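Hi there,

Here is the structure I promised to pass on to you. Have a look at it first, and then read on for what turned up in it.

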Amino acid sequence: MNTKPEHLYLDLMKKTLSFMLWDEPGIPIETFIYKRSLKKRILLRTFSRILKLFDLQAVKPVKYTRQQREGGVIWPMNADTMVGLKRLDNIQFCVESALQDNIDGDLIETGVWRGGASIFMRAVLAAHGVVDRRVFVADSFEGLPKPNEDKYPQDRGDKHYKHEFLAVSKEQVEANFAKYGLLDQQVVFLKGWFKDTLPTAPIDKLALMRLDGDTYESTMDALNNLYPKLSKDGFCIVDDYALKRCRQAIDDFRAKFNIKSKLVKIDQVSAFWQKE
Ligand SMILES: C[S@@+](CC[C@H](N)C(=O)[O-])C[C@H]1O[C@@H](n2cnc3c(N)ncnc32)[C@H](O)[C@@H]1O
């Protein structure tokens, strides 16, 4: 066991951010209500309202295994990140390697949801006393955009934009940083669609870019605007490589720019490479 204080702190942060210290609680029945038919929505809403009158709430028990939770393949109720422990380990590995090898630049996550993975990047900087690198936090804070099928036919049929669960406000994400004592001037929020915020983001150099926007468009916007700023040996982490639209964007971009760096698997879903 590594008993250095910074490692103990980061270990506890990973378990806390991913809610692995506690059992996953039941899901309130109204959480994913927007996926149901109108009839069921009315029924569930009425039932929930009646229970509320008695200060009660109905929840559906969850059947997730520990492996599913660790592997980041569920949308958790209480965790501040959905990426799971292996991907948090990967963030730690990449940020610490960048620090050790003096890879120049800031860190960015495009697609932050409740902020957990970005909070963890800031925690790694804090654990190592780094005061001259920033963490950029890019999100609409309103969920995903509707597919732009004219420009990106690869996103035809994508339904992520319908998920209210993916819309977390900037105020909530700021509050999440603050509750870990990690909201300061080294954290920079970029609010809006990637296509609008990333081209003019005040970033010179990046040591790490972590893409977690799910679709072809969101992945491609991040690659086009940020990859040229990634330092040599910098890390490009792709959370959604198992999703066909994201994978297509990565494969197209790598082919177009003849990127041969080895794509390394992180877990069943994610991968990363180091820029040559
Ligand atoms: C799967 S969640 C990110 C999960 C997060 N990295 C974590 O640690 O749990 C996807 C996020 O990407 C954001 N997003 C996707 N496409 C976007 C776009 N084109 N512009 C702005 N935000 C986008 C959504 O608002 C959502 O918060």
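**What is in the model**

The protein's secondary structure adds up to 9 helices and 9 strands. Please keep in mind that this is a predicted model.

Let's begin with the overall form. How does the radius of gyration of the protein agree with that of a compact globule? For 276 residues, a compact globule would have a value near 19 Å, and the protein has 19 Å, so the two agree. The C-alpha trace spans about 60 × 50 × 35 Å along its principal axes. Of the 276 residues, 38% count as buried. Looking at contacts with a separation of 6 or more, 75% are between residues 24 or more positions apart.

**The sheet**

Next, try to find the open sheet, which is formed by 7 strands. Their order is β5-β4-β3-β6-β7-β9-β8, and the pairing is mixed. Which strands stand at the edges? They are β5 (187-191) and β8 (264-265); each has a single partner strand, so one side of each is left without a neighbour in the sheet.

You can walk in from either edge:

- From the β5 edge, strand β4 (residues 135-139) runs parallel to β5, and 5 bridges join them. Here Asp139 stands opposite Lys191 in β5.
- From the β8 edge, β8 and β9 pair in the antiparallel sense over 2 bridges. A hairpin of 5 residues links β8 to β9, and Lys265 stands opposite Ala271 in β9.
- One step further in, β7 and β9 (residues 271-274) run antiparallel and are joined by 4 bridges. Cys236 has Trp273 in β9 as its bridge partner.

While you have the strands on screen, here is a general point to keep in mind: in a regular strand, side chains alternate between the two faces of the sheet.

**Helices against the sheet**

Now look for helix α5 (residues 116-127). This helix lies across β3 (106-110), β4, β5 and β6 (206-211), and runs at about 175 degrees to β4.

Helix α1 (residues 5-17) packs with α5 at an angle of about 170 degrees, and their axes are 10 Å apart. How are the two directed relative to each other? An angle over 145 degrees counts as roughly antiparallel, and therefore α1 and α5 are roughly antiparallel to each other. Where they meet, α1 brings Glu6, Tyr9, Leu10, Met13, Lys14 and Leu17, while α5 brings Gly116, Ile119, Phe120, Ala123, Val124 and Ala127.

**The nonpolar core**

Nonpolar side chains tend to be buried together in soluble globular proteins. In this model the largest nonpolar core has 60 residues, and those touching the most other members are Phe120, Met121, Val137, Leu208, Met209 and Val238. The largest share of this core comes from α5, with 7 residues.

Val238 is a good one to click on. Leaving out residues up to four places away in sequence, Val238 touches Leu211, Cys246, Ile250, Ser270, Ala271 and Phe272.

**Three residues to look at**

Tyr241 sits in the loop between β7 (230-238) and α9 (244-256). Is Tyr241 buried or exposed? Tyr241 counts as buried, because 22 C-beta neighbours lie inside 10 Å and 20 or more is the cut-off. Beyond its neighbours within four places in sequence, Tyr241 is in contact with Cys246, Arg247, Ile250, Val269, Ser270 and Ala271. The C-alpha atoms of Tyr241 and Val264 are separated by 11 Å, with their positions 23 residues apart along the chain.

Asp155 also lies in a loop, this one between β4 and α6 (170-179). Asp155 counts as buried because it has 24 C-beta neighbours inside 10 Å. Apart from residues up to four places away in sequence, Asp155 touches Pro147, Asn148, Glu149, Thr215, Tyr216, Glu217 and Arg245.

Ile27 lies in strand β1 (residues 27-28). With 16 other C-beta atoms within 10 Å, Ile27 is partly exposed. Its contacts, leaving aside neighbours within four places in sequence, are Val59, Lys60, Val62 and Met77. Ile27 and Asn78 are 51 residues apart in sequence, and their C-alpha atoms are 9.8 Å apart in space.

Enjoy exploring, and write back with any questions!

Best wishes

Conventions
Residues numbered from 1 in each chain as written. Predicted model: local features only at pLDDT ≥ 70, side-chain atom pairs only at ≥ 80, totals over all residues. Pairing = 2+ DSSP bridges. Contact = placed C-beta atoms within 7 Å. Axes fitted to C-alpha atoms, helices over the stretch in contact; angles between N-to-C directions. Core = buried A, V, L, I, M, F, W, Y, C linked by C-beta atoms within 7 Å. Buried ≥ 20, exposed ≤ 12 C-beta atoms within 10 Å, placed from the backbone. Rg over C-alpha atoms; globule rule 2.2 N^0.38 Å. Parallel < 35°, antiparallel > 145°, perpendicular 65-115°, else oblique.
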